[in-house]
Amino acid sequence: MTPHVAIAKWTLDDYHQMIAAGILSDRRVELLNGEIIEMPPEGEPHAYYASTVGDYLRAMLGEQAQIRESHPITIPAAQSETEPDLAVVQPLGKEYLQHHPYPENVFWLMEFSDTSLQKDLEPKAKTYAAAGIPEYWVVNLQRMELVVMRNPVNEVYQSQTTLKEGSITPIAFPDVPISVRRLLD
């Protein structure tokens, strides 16, 4: 008989207390569904794409949105505070001194995935869909393709499309075509 293993779940308050106490200061972690997840080291391709795509989206969206690179978003209902590679959020200025963006502040999220691909496509996608984040894009660095997830219902994005070329218009900005090639090259 296998003994039952209990996993300690953390709340957002617990997590914030650990951060304030410096317990997590030397570790790259995020809170996902009450679990503190260690993030893998960032390789050169990951860093390159996150940075250049962030610059591209800033140029395309101007002051319509703020592009946050590897900064937390808070999902209270899921006891989660993830750090997506790019979060395209409402430009609320100094309001973000009081809190990280909440799901209602998020236009869409992006991850650039290599070693974390399974985590990004499964538990993170479910968490974001459950939170009602309208769209979630994952650049699969292994296959150099863009996975676009939209239309969240419960814990599932109802639409999932994989692109290697063409353009895509974000739901929040239907007049701003984003070049898929530009995201992948």
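Two strands count as paired here if DSSP finds at least two bridges between them. That is handy for the first close-up, and keep in mind throughout that this is a predicted model.

**View 1. The hairpin of β1 and β2.** Strands β1 and β2 (residues 35-38) clear that bar with four bridges, and they pair in the antiparallel sense. For a landmark across the pairing, look for Leu-32, which sits opposite Glu-35 of β2. Two residues lie between the strands of this hairpin, and Asn-33 takes a positive phi near 55 degrees. Along β1 (residues 29-32), Val-29 and Leu-31 point one way while Glu-30 and Leu-32 point the other way. Despite the split, all of them are buried, Glu-30 included.

**View 2. An open sheet of six strands.** Reading across, the order goes β3-β6-β7-β8-β9-β10, and the pairing is mixed. The edges belong to β3 (66-69) and β10 (156-163); each has a single partner strand, so one side of each has no neighbour in the sheet. On average, neighbouring strands are turned by 20 degrees against each other, with direction ignored.

**View 3. Where β3 meets β6.** These two strands run antiparallel, and four bridges join β3 to β6 (residues 86-89). To get your bearings, find Ile-67, which stands opposite Val-88 in β6.

**View 4. Helix α4 on the sheet.** Residues 123-130 make up α4, which packs on the sheet and touches β7, β8 (135-140), β9 (145-153) and β10. The direction of α4 makes about 125 degrees with that of β10.

**View 5. Trp-108 against Phe-173, an edge-to-face pair.** The structure holds five aromatic pairs. In the pair shown here, the ring centres of Trp-108 and Phe-173 are 6.5 Å apart and the planes are at 65 degrees, so the pair counts as edge-to-face. Trp-108 comes from strand β7 (residues 106-113), whereas Phe-173 sits in the loop between β11 (167-168) and β12 (178-179), so the contact ties together parts that are 65 residues apart in sequence. Both Trp-108 and Phe-173 are buried. Zoom out a little and ring pairs link Phe-107, Trp-108, Trp-137 and Phe-173 into a cluster.

**View 6. A charge over a ring: Arg-68 and Tyr-96.** Here the charged end of Arg-68 sits over the Tyr-96 ring, 5.3 Å from the ring centre.

Conventions:
Residues are numbered from 1 along each chain as its sequence is written. This is a predicted model: local features need pLDDT of at least 70, side-chain atom pairs count only at pLDDT 80 or more; totals for chains, interfaces and linings use all residues. Side-chain values use heavy atoms; hydrogens and water are left out. Rings of Phe, Tyr and Trp (its six-membered ring) pair if their centres lie within 6.5 Å; planes under 30 degrees apart count as stacked, over 60 as edge-to-face and the rest as tilted. Buried means under 20% relative accessible area, exposed over 50%, partly exposed in between (1.4 Å probe, protein chains only). A charge sits over a ring if NZ of Lys or CZ of Arg is within 6 Å of the ring centre and within 35 degrees of the ring normal. Axes are lines fitted to C-alpha atoms, for helices over the stretch in contact, and angles run from 0 to 180 degrees between N-to-C directions. Contact means heavy atoms within 4.5 Å.
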